[in-house]
Amino acid sequence: MAHLEIRALHKRFGQFTALNDIELDVEKGEFVVLLGPSGCGKTTLLRTIAGLEFQDGGRIVHAGQDISRLPAAKRDYGIVFQSYALFPNLSVADNVAYGLRANRHNKHLIGQRIEEMLALVGLPGTQEKYPAQLSGGQQQRIALARALATSPDLLLLDEPLSALDAIERVRLRGEIRNLQKRLGVTTLMVTHDQEEALAMADRVIVMQGGRIEQVGDPKSIYSQPANAFVADFIGRANVLAGTAGGDGTADFGGLRLRYNGQAGSGPARFYVRPEDIRLCEILDHTRNSFYAQVRKAEFLGSYSLVTVVPDAAPALALQVQFATNYLRGREIHPGALLRLAIPPDTLLPFPETA
């Protein structure tokens with residue numbers, strides 16, 4: 001039996017279906033990230049687990065107990081919101097102790113627990129400060145300390161890093177993950193940031209339109225997307241519509257390429273990641289190589305993102321990613337002619353076309 005079981009969960013807001021028969025198992029101690037665009041249902045799912053929303057149908061079982069209709073106060077979880085949700089008129093100590101006092105813990109034990117929690121999140125000695133005296137990252141650490149103070153069996157994180165600047169976001173995501181591993185607390189986190197999900201999760205749940213599109217570990221989600229939506233949403237992907245010939249090759253509007261995998265014969269969809277397309281010498285005739293014209297080149301620091309159009313398929317636009325070190329001494333600009341290659345083992349059909 002999974003530590004958290006969700007069965008046939010359904011939720012509507014008027015005519016809008018926010019959750020459509022969600023099925024999900026979460027194991028004890030697992031860090032699961034709910035990932036998807038705005039409006040996909042990920043926050044509604046988290047709030048339903050927390051009892052802040054009630055489903056129209058389905059069951060939620062936590063640690064063997066059916067909590068489907070339990071009020072939020074009777075569910076064993078701690079929650080952290082993106083807006084921190086600290087009480088501005090209370091000190092750090094009082095914010096951390098809020099749940100403890102509501103549960104009528106011993107005053108001496110409360111003081112000890114506050115010290116433990118502040119040390120745990122790296123902010124010892126801040127008991128007397130107020131939220132306004134802290135940076136955004138520090139406030140989010142206090143919110144995390146408050147959520148963990150009651151030793152909840154389940155930790156729910158609702159986009160906890162989205163209000164922070166980029167550098168602080170990267171630093172804090174590592175701290176949250178390390179803390180979760182150390183405590184072993186079962187955790188569900190909502191985010192729309194693909195990099196954040198891949199860096200933090202044991203498993204990623206990709207959602208769209210109130211449904212789960214794919215479940216898997218970060219590497220398999222990235223390297224083996226279940227469909228075009230997942231491929232395009234997780235990182236970047238070139239999604240190519242073509243005609244498979246049944247002989248391991250496919251035609252893409254005049255550009256014929258060899259691929260790996262099964263696609264039968266007839267119309268099929270394939271994908272290739274921008275970083276898997278290789279730059280060749282101009283006279284190189286390696287397998288799946290072709291000439292292409294550069295339409296746009298964007299320098300993005302550690303890499304450049306280049307949009308090209310193959311000479312053999314002028315209706316096909318591809319995005320190619322080159323590491324800056326790889327291009328050192330070679331400038332790529334609009335109008336340039338490149339020789340590129342797509343290795344067959346990186347051009348893969350989607351499962352739905354097999």
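**Group meeting: a walk through the predicted model**

So, of the 354 residues in this chain, 50% count as buried. Before I go on, keep in mind that this is a predicted model.

Let me do the overall picture. The C-alpha trace spans about 80 × 50 × 35 Å along its principal axes. In secondary structure, the chain comes to 10 helices and 20 strands. If you take the contacts between residues at least 6 apart in sequence, 66% of them join residues at least 24 apart. As for the surface, the chain exposes about 16600 Å², and carbon and sulfur atoms supply 49% of that. And for those of you who like charges: there are 38 positive and 38 negative ones, and their mean positions sit 2 Å apart.

Okay, on to the sheet I'd like you to look at. It's an open sheet of six strands with mixed pairing, and the order is β6-β7-β8-β3-β9-β10. At the edges you'll find β6, residues 77-81, and β10, residues 211-216, each pairing on one side only. Ignoring direction, neighbouring strands here are turned by 15° against each other on average.

What packs on this sheet? Helix α1, residues 42-50, does, and it touches β3, β6, β7, β8 and β9. The direction of α1 makes about 145° with that of β7. Then there's helix α5, residues 136-149, which also packs on the sheet, touching β6 and β7. Its direction makes about 165° with that of β6.

Over at the β10 edge, β9 covers residues 203-208 and pairs with β10 in the antiparallel sense, over five bridges. If you want one pair to click on, V204 has G216 in β10 as its bridge partner.

Now let's zoom in on L156, which lies in strand β7. Is L156 buried or exposed? Buried, because its relative accessible area is 0%, and the cut-off for buried is under 20%. Leaving out residues up to four places away in sequence, L156 touches L46, I49 and A50, then Y77, G78, I79 and V80, and also L188. Put that next to the element ranges: L46, I49 and A50 fall in the 42-50 stretch of α1, and Y77 to V80 fall in the 77-81 stretch of β6. L188 belongs to β8, residues 186-191.

A second residue to show you is H3, in the segment before β1. This one is buried too, since its relative accessible area of 11% is under the 20% cut-off. Which residues does H3 touch, not counting those up to four places away in sequence? They are V26, E27, K28, V61, H62, A63, D153 and T186.

Last stop, further along the chain: strand β16, residues 289-299. Five bridges join β16 to β19, residues 337-341, and the two run antiparallel. F290 is a handy marker there, as its bridge partner in β19 is L340. β16 also pairs with β17, residues 303-310, again in the antiparallel sense, over seven bridges. In that pairing, Q293 has V309 as its bridge partner. β16 and β17 form a hairpin with three residues between them, and G301 in the turn has a positive phi of about 90°.

That's my tour, so over to you for questions.

Conventions
Residues are numbered from 1 along each chain as its sequence is written. This is a predicted model: local features need pLDDT of at least 70, side-chain atom pairs count only at pLDDT 80 or more; totals for chains, interfaces and linings use all residues. Side-chain values use heavy atoms; hydrogens and water are left out. Two strands pair if DSSP finds at least two bridges between them. Helices (H or I, at least four residues) and strands (E, at least two) are DSSP runs, numbered from the N terminus. Axes are lines fitted to C-alpha atoms, for helices over the stretch in contact, and angles run from 0 to 180 degrees between N-to-C directions. Contact means heavy atoms within 4.5 Å. Buried means under 20% relative accessible area, exposed over 50%, partly exposed in between (1.4 Å probe, protein chains only). Accessible areas come from the Shrake-Rupley method with a 1.4 Å probe; for residues, only the protein chains shown count as cover. Lys and Arg count as positive and Asp and Glu as negative; His and the chain ends are not counted. The place of a charge is taken as NZ of Lys, CZ of Arg, CG of Asp or CD of Glu.
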